[in-house]
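This report describes side-chain contacts and strand pairing in one protein chain. The sequence and the structure are shown first.

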Amino acid sequence: FTNYNNFGLPNENFSSRITFQTSKKSFFLNFDTLIINQNLNILESFIKIDTKFIDYKIGKYYRDFSNYLNDYLSSGHMLISNNAQPMPKIGVLKNIVLYKRKKYEFDFGLSHAMFDKNDYYSKNPFLHEKFIYFKVPMNENSFFQIGFVHEAIWGGETVIDGESTGSTLKDFLKVFISSDGPKIDGSKHANALGNHLGIWDFVYINNNRINSYKIYYQHIFEDTSGLRFHNGTDGLWGFEISNNLNNFNILIELLTTTNQDLNSDYLREGYYNHSTYAKGWSYKNFIIGNPHINNLTIIPLDVIHVGIEKEFKNNFKLQVLTSRRIDKSDSIIYDFIFKKKIKDEFEIKLGLSSANVKDILSFAVNWQLD
């Protein structure tokens with residue numbers, strides 16, 4: 001479990017991290033690097049420029065949607081989590097506020113990212129991403145939001161047979177609208193060009209002085225059948241409550257994929273794997289979505305996940321993450337993290353995690369310079 005949502009980095013004995021941020025009016029820079037065994041790893045590092053009409057973002061970053069999700073306690077977003085390193089990406093964003101007194105809001109964005117070359121891809125495949133969200137205020141303390149996110153792996157070239165998977169403007173336009181590619185002999189219908197994945201995203205949030213809570217559901221779909229909810233309740237269900245007076249958070253999630261690969265010509269979706277893109281929903285061999293879902297084979301599952309965070313006096317913080325498959329007899333995987341801040345510059349971190357049948361004990365000292 002120590003490898004889950006760990007930014008796609010190995011757990012080594014010694015590392016050094018450098019983080020820098022600056023913000024000036026409409027300009028924001030985030031620079032985050034980690035040196036492991038003399039190898040430089042660039043983590044989430046990007047430039048964001050806000051203009052009157054549209055915002056631009058370029059660098060290595062994760063996502064600009066599902067901003068309600070607590071990535072530090074969650075089992076992982078269905079599409080883009082913190083399980084892999086952030087991909088090189090360029091995007092445009094826009095926020096529109098309607099009826100300013102009531103603050104109805106539209107958020108939408110479009111981005112283009114690039115996967116890595118590896119033993120299967122001789123040319124980098126691309127990731128197409130677009131989303132739109134509509135926020136409806138319920139009262140002064142709460143709101144409901146519905147979103148739609150569509151992503152697709154496309155382009156690139158495979159090593160095994162040198163097959164090109166399309167990288168022209170015409171191909172991109174087909175991917176953009178999920179248009180069919182060529183019909184394969186023996187199949188009843190043509191499949192969409194590329195590997196498509198998306199979610200319907202629902203969240204209700206209520207904030208008050210003492211407690212804040214949120215209820216959310218990320219309904220995953222791989223084709224038009226899932227888009228129309230023919231794959232039932234598959235996806236990520238979550239509930240999080242925060243006590244603002246006691247600095248206590250608890251998050252509970254149910255992840256289910258039991259309706260993938262049903263016995264139907266239009267319901268043969270393996271959410272994270274694909275016949276052409278053999279590495280599936282992964283970047284640098286780490287799953288880019290929820291790490292409990294297998295990217296190489298279809299394994300329907302149900303997982304219960306609980307995340308707890310408590311901040312005590314004297315700058316002491318405890319974080320507990322636990323997950324267990326409930327569709328079969330399985331062991332609990334866990335991650336205990338203890339943090340102690342000394343003054344403003346030093347932080348001591350002690351962790352105990354399960355990894356297969358072993359327990360891993362980790363220790364770190366963070367030193368921050370202003």
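The hairpin formed by strands E14 and E15 has four residues between the strands, and Asn 247 there takes a positive phi near 55 degrees. The structure is a predicted model, in which local features need pLDDT of at least 70 and side-chain atom pairs count only at pLDDT 80 or more, whereas totals for chains, interfaces and linings use all residues. Residues are numbered from 1 along each chain as its sequence is written, and side-chain values use heavy atoms, with hydrogens and water left out.

**Strand pairing**

Strands (E, at least two residues) and helices (H or I, at least four) are DSSP runs numbered from the N terminus, and two strands pair if DSSP finds at least two bridges between them. E14 pairs with strand E15 (residues 248–256) in the antiparallel sense over nine bridges. Within this pairing, Glu 240 has Leu 251 of E15 as its bridge partner. E13 and E14 also run antiparallel and are joined by nine bridges. Here Ser 212 has Ser 242 in E14 as its bridge partner.

**Salt bridges**

A salt bridge is counted where a side-chain nitrogen of Lys or Arg lies within 4 Å of a carboxyl oxygen of Asp or Glu. The count by this rule is nine salt bridges. Three of the pairs are listed below.

| Basic residue | Acidic residue | Closest N to O distance |
|---|---|---|
| Lys 48 | Asp 55 | 3.7 Å |
| Lys 89 | Glu 129 | 3.5 Å |
| Lys 214 | Glu 240 | 3.4 Å |

Lys 89 belongs to strand E6 (residues 87–98) and Glu 129 to strand E9 (residues 126–139), so their salt bridge ties together parts that are 40 residues apart in sequence. Both Lys 89 and Glu 129 are buried, a word that here means under 20% relative accessible area, with exposed being over 50% and partly exposed in between (1.4 Å probe, protein chains only).

The salt bridge of Lys 214 with Glu 240 spans the two strands described above. Lys 214 lies in strand E13 (residues 211–221) and Glu 240 in strand E14 (residues 235–243), so this pair ties together parts that are 26 residues apart in sequence. Lys 214 and Glu 240 are both buried.

Lys 48 counts as buried because its relative accessible area is 19%. Its partner Asp 55 is likewise buried, at 17% relative accessibility. Lys 48 and Asp 55 are linked with Asp 50 in a network of salt bridges.

**Aromatic rings and charges**

A pair of aromatic rings is described by the distance of the centres and the angle of the planes. Rings of Phe, Tyr and Trp (its six-membered ring) pair if their centres lie within 6.5 Å; planes under 30 degrees apart are stacked, those over 60 are edge-to-face, and the rest are tilted. By this rule there are 21 aromatic pairs. One of them joins Tyr 204 and Tyr 213, a tilted pair with 6.3 Å between the centres and 50 degrees between the planes. Tyr 204 is partly exposed at 25% relative accessibility, and Tyr 213 is partly exposed at 28%.

The rings of Tyr 334 and Phe 336 have centres 5.5 Å apart and planes at 55 degrees, so this pair is tilted. Tyr 334 is buried, with a relative accessible area of 18%, whereas Phe 336 is partly exposed at 29%.

Phe 126, Trp 154, Phe 172 and Phe 176 form one aromatic cluster. A charge is taken to sit over a ring if NZ of Lys or CZ of Arg is within 6 Å of the ring centre and within 35 degrees of the ring normal. Lys 130 lies over the face of Phe 176, 4.2 Å from the ring centre. The charged end of Lys 57 sits over the ring of Phe 46, at 4.4 Å from its centre.

**Nonpolar core and contacts**

A nonpolar core is a set of buried Ala, Val, Leu, Ile, Met, Phe, Trp, Tyr and Cys residues joined through side-chain atoms within 4.5 Å. The largest such core has 46 residues, of which Leu 127, Tyr 272 and Ile 288 touch the most other members. E6, E9, E10, strand E12 (195–207), E13 and E15 each supply at least two residues of this core. E10 gives the most, with five residues.

Contact means heavy atoms within 4.5 Å. Not counting residues up to four places away in sequence, Leu 127 touches residues including Ile 80, Met 87, Phe 115, Ile 153 and Trp 281. Gln 145, in strand E10 (residues 142–154), is buried at 13% relative accessibility. With the same exclusion of residues up to four places away, the contacts of Gln 145 include Asp 107, Tyr 133, Lys 135, Asp 201 and Val 203.
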